[in-house]
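Me: I'd like a close look at the inside of this protein, please. Start with the rings, then go on to any empty space.

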Amino acid sequence: MNGDPHLGLSQCPDPARFKFAFVRHPLNWYQSYWQFKMTYGWDERNPFDLGCRSDNFLQFIENMLAGYPGFYSKGLIAFVGKGSSEIDFIGRYENLVEDLISALRMAGEGFDESIIRQMPPFNVSNKSRFPAEYRAELRQRVTETEQETMERFGY
């Protein structure tokens, strides 16, 4: 997640304010990550990209398992912490719109719900051009390396 524009807990300017974050199912995160890189390009300054890069999704996963097992779970710690009390609300990417609206309400923020609901998708990858399907054995291996996240967030 090197060079990532997202803020981690340590970069929050006011620790006392309401904090929320979003998580994604690890299997889906790797698919999306690879599709995004295939659509928009690999980052030559990112060690993860350099170590895992492949034009083949299954090889990308093999490379990740060999050099960066549990990469997603380890990266999440910077964003959501290790304990349950560091973040006030954790939403799921799979329920992004509804969970964002819930988080903003919980934070007491004023916002126009209709604008959020009408926002078009952003950073969309070309999924039809770059299909990313797991073999059962690789799915199981990734699930095992991401067990911490799978259990913590109920996936």
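Reply: One term up front: a residue is buried under 20% relative accessible area, exposed over 50%, and partly exposed in between, using a 1.4 Å probe on protein chains only. Tyr-30 has a relative accessibility of 0%, so it counts as buried. Trp-29 comes out at 13%, so it's buried as well.

Before going on, remember that this is a predicted model, where local features need pLDDT of at least 70 and side-chain atom pairs count only at pLDDT 80 or more, while totals for chains, interfaces and linings use all residues. Residues are numbered from 1 along each chain as its sequence is written, and side-chain values use heavy atoms, leaving out hydrogens and water.

Now the rings. Rings of Phe, Tyr and Trp (its six-membered ring) pair if their centres lie within 6.5 Å; planes under 30 degrees apart are stacked, over 60 edge-to-face, and the rest tilted. Searching the whole structure turns up 18 aromatic pairs. One of them joins our two buried residues: the ring centres of Trp-29 and Tyr-30 are 5.1 Å apart and the planes sit at 80°, so this pair is edge-to-face. Trp-34 and Phe-57 make another edge-to-face pair, with 5.5 Å from centre to centre and 65° between the planes. That pair links distant parts of the chain, since Trp-34 belongs to helix α1 (residues 26-40) and Phe-57 to helix α3 (residues 57-67), 23 residues apart. (Helices are DSSP runs of H or I, at least four residues, numbered from the N terminus.) Both Trp-34 and Phe-57 are buried.

Some rings have a charge over them, meaning NZ of Lys or CZ of Arg within 6 Å of the ring centre and within 35 degrees of the ring normal. Arg-24 lies over the face of Tyr-93, 3.8 Å from the ring centre. Over the face of Tyr-155 you'll find Arg-92, at 4.3 Å from the ring centre.

And the empty space? The structure holds 1 cavity of 30 Å³ or more, a cavity being a set of points on a 1 Å grid where a 1.4 Å probe fits but cannot get out, lined by residues with an atom within 4 Å of a point. The largest cavity has a volume of about 40 Å³, counted as the space filled by probe spheres set on the points. Its lining includes Ser-73, Leu-76, Arg-152 and Phe-153. Helices α4 (71-80) and α8 (147-152) each supply at least two of the lining residues, and α4 has the largest share, with 4 residues.

How values were computed. 1 Å grid on protein atoms, 1.4 Å probe; cavity = no way out; pocket = protein on both sides within 12 Å on 5 of 7 lines; lining within 4 Å.
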